Structure formats: structure tokens, C-alpha cells
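I opened this notebook to record what I looked up in the structure, entry by entry. The questions I brought concern the overall build, the sheet, the core and the surroundings of the ligand.

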Amino acid sequence: MHVWHGGHAGARAGLARRRDYKGDMEQTLVILKPDAVQRGLIGRIIARFEDKGLRIVAMKMMTISRELAGKHYEAHQGKPFYPALMDFITAGPVVAMVLAGPQAISVTRALMGPTRGWEAPPGTIRGDFGVSATCNLVHGSDSPESARREIALFFGPEEIVDWEPADVRWLGL
Ligand code: RTP
Ligand code: MG
């Protein structure tokens, strides 16, 4: 039986770094919404993204102004839920972050689950932590174009940190 161990031979042994995905790393904007902060769920939600292997490359706590909220959710202007959405997203502090990884946009959306908590399946963030359509805990960009636009709304280029996790080989990165 081959036993994995350290020592003089073990130091260089092991898995070679070999990417198994096509295309570039994606970046996506994630917001832990005011309900997630107020309910003390910041750590548990971030843990889901970290556990999956997504990399946090920017993060800050902030309160979203009505002006920024309007830009961020401009596609929803005029919809029936828009006024409630504006009140909700500006009602208290949020945690904004940029996550990076292969297919990070769709991976993040899958971890979040569908918009309405009562429809979101168990195992997703929205499925496990809420039953509301408005207070649904987390935002994630829905396309590469949205991600680029939204990241630029929340972060300057100097706030995005280029770093590499120590276990890249074991993440297939
Ligand atoms: P998000 O943009 O926040 O990641 O959410 P999403 O893509 O899943 O949903 P979207 O259709 O973009 O809606 C944006 C946010 O508006 C609130 N909403 N309320 N009461 C309602 O029927 C309703 N529908 C949407 C939610 O906070 C939703 O995340
Ligand atoms: Mg959306």
C-alpha cells in the first residue's frame, strides 16, 4: 500500500498543478444583504462560498446609498417590487465581496438558489435560511456583463486583491 507521507521524498511528491477547466477565471459580485447581517449569518454564508472553493478577492462592510442601490438594481426600475427592494437593500449594513473561480457566476447563483425563499431547495443559501421573496439574504451577479458592471459600482480596481490560495493544486486551479 502506498502511504502518503512527508519527508525527503514527500516534499515534491503529489499532484501536479493541472487546470481542468476551460476559459478564464470569472469574478462575480456577491452582497450579503441587510437581513443576512442583522440575523448574524455573515460567517455561515461566507463559509458556503469558501467551502465550495471560490476565492474572496475583495470584501467590505458598507451601507448602500439609495443612489448606488438605484444603479445596482436599475434593471428593476418600474417593477412592482422595486420600492420595497430599494427600502430593503438600503435599510442596514451589507457585506459586499468579489468572488473568483471557474464559472464563479453560475456556481454562486447555484449556491444561492432561486430568488424566493419558499421556492429555493434545501441545501441552497436561500433554501436553508429564508422564506421571503424580498429578504433573500444574498445577491449574486447573473451574467458576465452584470458582474463587470456591478463589481465596478462597488469596488475600485485597487480594492481587488490578486492572491493565490495555498491549496491550488487540490482545488484543480
Ligand atoms: P439578486 O439580483 O438580488 O441576486 O436576486 P435575483 O437575481 O435572484 O432576483 P431579481 O429578479 O434580480 O430580483 C432582485 C431582488 O429583488 C427582490 N425581489 N422581490 N417581492 C418580490 O416579488 C421580489 N422579487 C424580487 C429580491 O430581493 C431579489 O433578490
Ligand atoms: Mg438579479
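**Entry on the central residue of the core.** I began with Leu99, and I note at the outset that I am reading a predicted model. Setting aside residues up to four places away in sequence, I found that Leu99 touches Thr28, Val30, Phe49, Leu54, Arg55, Ile56, Ala104 and Thr108. I then asked which residues have the most contacts inside the largest nonpolar core. They are Val98, Leu99 and Val138, in a core of 30 residues. As for the elements behind this core, those giving two or more residues are the strands S1 (25-32), S2 (55-62) and S3 (94-102), together with the helices H3 (42-52), H6 (104-112), H7 (125-129) and H8 (144-154). The largest share, 6 residues, comes from S3.

**Entry on the chain as a whole.** I stepped back to count elements, and the chain has 9 helices and 4 strands. Read from the N terminus on, their succession is α-β-α-α-β-α-α-β-α-α-β-α-α. Taken along the principal axes, the box filled by the C-alpha atoms is roughly 65 × 35 × 25 Å. Of the 173 residues in the chain, 28% are buried. I also looked at how far apart in sequence the contacting residues are: among contacts with a separation of 6 or more, 74% join residues 24 or more positions apart.

**Entry on the sheet.** In what order do the strands of the open sheet lie? I read the order S2-S3-S1-S4 for its 4 strands, with antiparallel pairing. S2 and S4 are the edge strands, since each of them pairs on one side only. The average turn between neighbouring strands, direction ignored, is 20°. H6 packs on this sheet and touches S1, S3 and S4, its direction making about 35° with that of S1. I noted a second helix, H8, which lies across S1 and S3 and runs at about 55° to S1.

**Entry on the pairings.** I went through the strand pairs one at a time. Between S1 and S3 there are 8 bridges in the antiparallel sense, and within this pair Gln27 stands opposite Ala100 while Val30 stands opposite Met97. S2 and S3 are also antiparallel, over 7 bridges, and here the bridge partner of Met59 in S3 is Met97. I therefore have Met97 entered twice, as the residue opposite Val30 and as the partner of Met59. S1 is joined to S4 (residues 138-140) by 3 bridges, and the two strands run antiparallel; in this pair Ile31 stands opposite His139.**Entry on burial of the strands.** Is S1 enclosed or open? With 6 of its 8 residues buried, S1 is largely enclosed by the rest of the structure. S3 has 7 of its 9 residues buried, so S3 too is largely enclosed by the rest of the structure. I keep beside this the general point that side chains in a regular strand alternate between the two faces of the sheet.

**Entry on two single residues.** I next looked up Ala58, which has its place in strand S2. Is Ala58 buried or exposed? I count Ala58 as buried because 21 C-beta neighbours lie inside 10 Å, where the cut-off for burial is 20 or more. Leaving aside neighbours within four places in sequence, Ala58 is in contact with Met97, Val98, Phe155, Glu159, Ile160 and Val161. Of these I checked Met97, which is 39 residues away along the chain, while the two C-alpha atoms are separated by 5.2 Å.

For a contrasting case I turned to Gln38, in helix H2 (residues 34-38). Gln38 has 12 other C-beta atoms within 10 Å and is exposed, because the cut-off for that class is 12 or fewer. From Gln38 to Phe81 there are 43 residues in sequence, and their C-alpha atoms are 21 Å apart in space.

**Entry on the ligand.** Which residues surround ligand 1? I listed His76, Phe81, Leu85, Thr115, Ala133, Thr134, Asn136, His139, Gly140 and Asp142. Sorted by class, this shell holds 3 nonpolar, 6 polar and 1 charged residues. I close on His139, which belongs to the shell around ligand 1 and also stands in S4, opposite Ile31.

Methods. Residues are numbered from 1 along each chain as its sequence is written. Chains are lettered from A and ligands numbered from 1 in the order in which they are written. This is a predicted model: local features need pLDDT of at least 70, side-chain atom pairs count only at pLDDT 80 or more; totals for chains, interfaces and linings use all residues. A residue is near a molecule or strand if its C-beta atom, placed from the backbone, lies within 6 Å of it. Ala, Val, Leu, Ile, Met, Phe, Trp, Tyr, Cys and Pro count as nonpolar, Asp, Glu, Lys and Arg as charged, and the others, Gly among them, as polar. A nonpolar core is a set of buried Ala, Val, Leu, Ile, Met, Phe, Trp, Tyr and Cys residues joined through C-beta atoms within 7 Å. Two residues are in contact if their C-beta atoms, placed from the backbone, lie within 7 Å. Two strands pair if DSSP finds at least two bridges between them. Axes are lines fitted to C-alpha atoms, for helices over the stretch in contact, and angles run from 0 to 180 degrees between N-to-C directions.
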